[in-house]
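Here are my notes for someone opening this entry for the first time. Please keep the structure in view while reading.

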Amino acid sequence: MDYLNDYLPTSLSSYIFPVEEPTYDIFLLKSVEEYLPKILEWRIHEAAPQWTTVPLISLLVFGLLKQYPGKVHGVETYALLHCLLTGPLALLCLYYDLSSVQITGVPEPLRTITCSPPLTSLHTFLPLITLGYALLDLFEGLYNLQTDFIIHGLSLTILFGFISSNNQQHTIACTLIMEVSTIPLQFLKCKFNDTVMLGVNLCFLISFIGARLVIVPYLWYKWLVTYYDVSGEGCYPGYFVYLVWGFGVVFHGLNVYWAYKIFKKVLRKAGGKEKMADNDKLD
């Protein structure tokens, strides 16, 4: 690749083939704005659609997938697509956040709390995709009178909708790594042999604990500590921190409760007290 560097502008070659410089990616706003201004001639975060557009497109796409093809081998294709999309991309957002000092000189979440723009365009769009997914859950719950869908859809719609309407959705992008645990959850609905199903159950348990009981609570804790370290100064209204406290306590508490249920179920299956294909109840 060295010969290409001789024919590319220094800044452009650094963008495509970083060597000893901080890693740059197409999602990094700072790198795009700093290294390609004459080529792009516009700022990505200024050209992005309004916060309502992406959720509506997301709602439409997931709604169509729910109808066509619908379920495949017992798995809802729209739900599987959502977790396959948001989970890994949220991990990418987390990687960028952990590299924030190398990229911008300021660590996360300090730079976000002190009014810096989204680290990447991915941080902006990813939560909006989930907002559209939450709206679909809410509409389906209301249409079919399903309480669990209503509660799930309404809570996510309120949380993501409120934060997105204030253009702060990038603050919660990394929390979507919780969707990593939803990937094996979807495959629990398949009818594999007992050995494969035990593996899927264990993957679900491990990813649930890792994402929902370790990483996301730590991100929540780190955000609160950083917020109070800067004496509440930043881009958020005074009541915002109480919303963070409230939603955090509720969601983390629910995740602890469900982890306990999941752990008991996996133990019953591993001990032969329950069939591997029984996935309808968490008693």
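1. Start with the aromatic rings. This is a predicted model, and a search of the whole structure finds 11 aromatic pairs. Two of these pairs are taken up below, followed by a cluster, a loop residue and the cysteines.

2. Take phenylalanine 162 and tyrosine 239. Their rings form a tilted pair, 6.1 Å centre to centre, with 50° between the planes. Why does this pair tie together parts that are 77 residues apart in sequence? Phenylalanine 162 lies in helix α11, whereas tyrosine 239 sits in the loop between α13 (194-229) and α14 (240-270).

3. Are these two residues buried or partly exposed? Phenylalanine 162 is partly exposed, at a relative accessible area of 28%. Tyrosine 239 is also partly exposed, and its value is 44%.

4. Now turn to tryptophan 223 and tyrosine 227. Their ring centres are 5.2 Å apart and their planes meet at 10°, so this pair is stacked. The cut-off behind that word is an angle under 30 degrees. Both residues belong to helix α13; they are four residues apart, which means a separation of about one helical turn.

5. Check the accessibility of this stacked pair. Tryptophan 223 counts as buried, with 9% relative accessibility. Tyrosine 227 counts as buried too, at 6%.

6. The stacked pair has company. Which residues form one aromatic cluster? Trp223 and Tyr227 do so together with Tyr228 and Phe240.

7. Look next at glutamine 169. This residue is found in the loop between α11 (147-165) and α12 (182-187). Is glutamine 169 buried or exposed? Glutamine 169 counts as buried, because its relative accessibility is 4% and the cut-off is under 20%.

8. What surrounds glutamine 169? Setting aside neighbours within four places in sequence, glutamine 169 is in contact with His123, Thr124, Pro127 and Leu128. Its contacts also include Ile163 and Ser164.

9. Finally, the cysteines. A disulfide is a covalent bond between the sulfur atoms of two cysteines. How many disulfides does the structure hold? The count is zero. Cysteine 174 is in no disulfide, and the nearest cysteine sulfur, that of cysteine 93, is 5.4 Å away. That distance does not meet the cut-off, because a disulfide needs the two sulfur atoms within 2.5 Å.

10. One last contrast concerns accessibility. Cysteine 174 counts as buried, at 6% relative accessibility. Cysteine 203, by contrast, is partly exposed, with a relative accessible area of 45%.

Technical notes
Residues numbered from 1 in each chain as written. Predicted model: local features only at pLDDT ≥ 70, side-chain atom pairs only at ≥ 80, totals over all residues. Heavy atoms only, no water. Buried < 20%, exposed > 50% of the residue type's maximum accessible area, 1.4 Å probe, protein only. Helix = DSSP H or I, 4+ residues; strand = E, 2+ residues; numbered from the N terminus. Contact = heavy atoms within 4.5 Å. Phe/Tyr/Trp six-rings, centres within 6.5 Å; stacked < 30°, edge-to-face > 60°.
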